[in-house]
Amino acid sequence: MPGDVTSTCWSCGTMRAEHFCSACGKVQPPVPVDYFSFFGLPRKLNIDVPALEREFYQLSRKLHPDLYTGADAREQEWSLEQSSQLNDAYRTLKDPIKRTEYLLRLEGVELEEQSKTATEQARVSGQVKKQVVPPDLLEEVFDLNLQLEELRTQKKMGEDDPSLIEEIGRQKLELEEKHEALLDELKRHWTEWDRAIDSGTEADRLKIRDRMVDLLNRRSYLRNLVRDVNEVLESGA
Amino acid sequence: MINERIVGIDLGTTNSLVAFMHGDTPAVIPGEDGLNLVPSVVALDEHDQIIVGSGARKYLIDTPERAIYSVKRLMGRGVEDVQEELKLFPFRLAEDLQAGEVLRIKLGDKTYTPPEISAFILRQLKRNAERFFGGPVTKAVITVPAYFNDAQRQATKDAGRIAGLDVLRLVNEPTAASLAYGLDKKKNGIVAVYDLGGGTFDISILKLHDGIFEVIATNGDTHLGGDDIDNLLITIALDDIRGDLGFDLRRSGEGVQTIRKAVIEAKIALSAQNSTKLDIDLPGGKRYQREITRELFETLVQPILDRTVAPCKQALKDAGLKPEQIDEVVLVGGSTRIPKVRALVEGLFKRTPHTDLNPDEVVALGAAVQANILAGGSEATKEMLLLDVTPLSLGIEVAGGVTDKIILRNSTIPASATQFYTTQVDGQANVAIHVLQGERELAKDCRSLARFDLKGVPPMTAGMPRIEVKFLIDANGILHVSAREQRSGKEAEIEVQPSYGLTDEQVESMLLESFDYAEEDFRQRQVIEARNEAETILTALDRGRSSPAWGQLTSEEQWRIAKLEKSLGDVKKGEDYQAIRKAIDDLNHATMHLAELIMDSALSTALKGKTMDQADLGEGPAAPHPVAKADFE
């Protein structure tokens, strides 16, 4: 029911109040809505970010706690909750990756296994991280890991093979380029998703949803890999 | 409600200021001494009265064990955090401190927590403002370093409460400065604020958009500032003195403070001159002299200044900006007067920084602007709105001692995050949550904010309860937590164990103590003043007795005076200032005739050839009224 939150203004009784009453302008108690609904947007991924920013500023000028210092405790509380919702929603929706991840979560997908936390948890507990290497990267990652291992050993011995470092640096650059390219691919998925929302079937949506999940997993895999490479390159002898 | 009197306060490491919005321009409120800056120095005088500001400075040298400066460095910190500080600053902590306990600092034989000492400074500022307005001031906006964590912010808010101030908002110092700068320049663009103060460094990058001041990224170091430069110079001087003169002054509080005063003067001089001289009188009649060139000074302080570079680069990176995209750079804090600092900032941002506002005052002025916005705004501020960020990520400790970040740094505040918890054991009634702040991956490397105990979870099989915990960072950058068990809809009770901070009850009791102090201060002042006056009247009476006029009194008058003199002498030993006052009045009254007689004799002396001007009216037995001082016009 995006954009459909209706109730009665607590102050003047007028119907169809949203963040504030359309009749008397009073801030309203926050209603649990998703971030898209908060801005009155459909669950689509192509968003006009400059327009979102304008809306964010406009709502900030009405909801921010600074404007309620003299109001009663109830209104202060609501303004605090409403403006934190506004900030959370804006922060999530303005960023292409966070926006996609958020939408996927709304669609019931757990994206945890590739997360940084899972990586760190695995590192600390000594368990192998349950992370699936994307098949098209398998060979490359295998080579890279061998070279990283070699560099680690060299560094421990206080040696430094410039050609090895150069080779690893070159591969890192390639990974970064791949990482970048995935964003363009993701944006193509967005358009398909938005079309499926307008006129597609449930099956269409599920298909695109899964493609996006796959893409985000590949992307975070690449990001972690680049991070690991940086760690080894930057670590002291 | 509109234009309620809300002041803006810059509670600084070295100096503090109070400002207000005077029409359309913010202005600093001077103290009784006419100066805008109140040194953040607190001392306990010989009568155990608290002295704040310039008056407290002399105690730093005379009785260093009864004075404290730079207490801001200790706000919101535990004993294990301040070991480095203790090597460099003459802080005297109470001996019985436990790890995790709020610090207590010794002043003379009393101990105070850092929020209480800050409260003494705030109370002085409050008094200055009250004298200026001629009425009470109870509401304030107080600035804090942008990089202050939750505990440091909470400690600042506690200090305000202890001082009897309703702290309506904590504003980040660099952001406040941008408000002061932005007031008359209604421009859009990206601004970087470089704030190097006495003890803290902040860098903030803001986007200005039609009156909205949106912070995009902030970074800093809450233990980096002019103090560090002073300490470096002090160490060098101490080493020199030990080497050349064979004096080890490191343990002498007085010696170190004398050197500190001299190096600060030298540091300031070197911002304007190419060379200056340290010339310090040492105990035992020796002197330490040394020439310092600006070149040498710059080489010495370079490592300290370099520590500001990484935070600047990180802030740019977080903001997703290149130095060339910064439109304006603003300098804040006394340490930015150093030419080398200006050169460093110019190099970093490829811009000549703005320095048109006094770097010592700009933060307080900005706080006054924010106070005006909160009071309902005026013509000058009606379009202005500040959107600040949280400087540090907020996390929860999860299995394996790992930090799970739930609100990332540089998130616009207020910001919130919701987490779901469940139980591990059947019928488990409590769930413990450990909240952390910081960027590191492991919980042990982050700052522990608090431990929460969710209590009264309804008895269910393990894993069944679904406890929703909401973390909310308010517009002051302070964390609030609430919890609800979803299956039963029951509000879970939360018990907060702040890792470094005062509990509400402690703050309340300090608040009461501070009221007691206010009364105690007043009473003590009255006693001291009354005693001084009694002393004056008794001395004058002694002189009167030796004048010829004494002999003209009746013996009954003489007897009466002697009786009252004795009772004043007795009562002035006590603490009852009202009784002392009454005894003074009685004695005054009884000596009225004596005073008249002395006056007459003075006049007749004058008529014998002297003019009134030449007649010695102020001294000795010839004074017109040797007893009652009120007779002088």
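# A tour from the strands of chain B to the helices of chain A

In this predicted model, begin in chain B by selecting E12(B) together with strand E13 (residues 201-209), two elements that pair in the antiparallel sense over eight bridges. Four residues lie between E12(B) and E13(B), and the two form a hairpin. To see the register, display Val191(B), which stands opposite Leu206(B) in E13(B).

Keep E12(B) selected and add strand E17 (residues 328-332) of chain B. E12(B) and E17(B) pair in the parallel sense, over five bridges. Asp195(B) may be labelled here, with Val332(B) in E17(B) as its bridge partner. How many of the eight residues of E12(B) are buried? Six are, so that strand E12 (residues 189-196) is mostly covered, a residue being counted as buried when 20 or more other C-beta atoms lie within 10 Å of its own.

**The three-stranded sheet of chain B**

Next, select E5, E6 and E7 of chain B. These three strands form an open sheet in the order E6-E5-E7, with antiparallel pairing. The edges are strand E6 (50-52) and strand E7 (67-69), each of which pairs on one side only. Direction ignored, neighbouring strands of this sheet are turned by 15° against each other on average. Within the sheet, strand E5 (residues 41-44) and E7(B) pair over three bridges in the antiparallel sense; Val41(B), for example, stands opposite Tyr69(B) in E7(B).

Which helix packs on this sheet, touching E5, E6 and E7 of chain B? Helix H1 (residues 54-62) of chain B does, and its direction makes about 70° with that of E5(B). Now add helix H3 (residues 114-133) of chain B, which lies across E5, E6 and E7 of chain B and runs at about 65° to E6(B).

**Backbone geometry in the loops of chain B**

Most residues other than glycine have a negative phi, and most peptide bonds are trans. Three places in chain B merit a stop in this respect.

- Select Asp48(B), in the loop between E5 and E6 of chain B. Asp48(B) is not a glycine, yet its phi is positive, at about 60°. Asp48(B) counts as partly exposed because it has 13 C-beta neighbours inside 10 Å.
- Move to Lys350(B), in the loop between helix H10 (339-349) and helix H11 (362-374) of chain B. Lys350(B) is likewise a non-glycine residue with a positive phi, about 55°. Is Lys350(B) buried or exposed? Lys350(B) has 12 C-beta neighbours inside 10 Å and therefore counts as exposed.
- Finish at Pro414(B), in the loop between strand E20 (402-407) and strand E21 (415-421) of chain B. The peptide bond that joins Ile413(B) and Pro414(B) is cis, with omega about 0°.

**Across to chain A**

Select the contacts between the chains: 19 residues of chain A are in contact with 25 residues of chain B. On the chain A side, helix H2 (49-63), helix H3 (73-94) and helix H5 (116-125) each supply at least two residues. H3(A) gives the most, with six residues. By class, this side of chain A has four nonpolar, ten polar and five charged residues.

Now show chain A alone. Chain A has eight helices and zero strands. Of its 237 residues, 22% are buried. Among contacts between residues at least 6 apart in sequence, 57% join residues at least 24 apart.

Colour chain A by domain next: the assignment gives domain 1 (1-94) and domain 2 (132-234). Their C-alpha centres lie 38 Å apart. Five residues of domain 1 are in contact with five residues of domain 2; the domain 1 side divides into two nonpolar, one polar and two charged residues.

**Confidence in chain A**

As a last step, colour chain A by pLDDT. The average is 80, and 84% of the residues score at least 70. Where in chain A is confidence lowest, and where is it highest? The lowest mean is 51, in H5(A), and the highest is 94, in H2(A). Residues 1-5 of chain A have a pLDDT below 50, and this stretch has eleven contacts in the model beyond near neighbours in sequence. Where pLDDT is low, the predicted coordinates should not be read in detail.

Conventions
Residues are numbered from 1 along each chain as its sequence is written. Chains are lettered from A and ligands numbered from 1 in the order in which they are written. This is a predicted model: local features need pLDDT of at least 70, side-chain atom pairs count only at pLDDT 80 or more; totals for chains, interfaces and linings use all residues. Two residues are in contact if their C-beta atoms, placed from the backbone, lie within 7 Å. Ala, Val, Leu, Ile, Met, Phe, Trp, Tyr, Cys and Pro count as nonpolar, Asp, Glu, Lys and Arg as charged, and the others, Gly among them, as polar. pLDDT is the predictor's confidence in each residue, from 0 to 100. Domain bounds come from an automatic or database domain assignment. Two strands pair if DSSP finds at least two bridges between them. Axes are lines fitted to C-alpha atoms, for helices over the stretch in contact, and angles run from 0 to 180 degrees between N-to-C directions.
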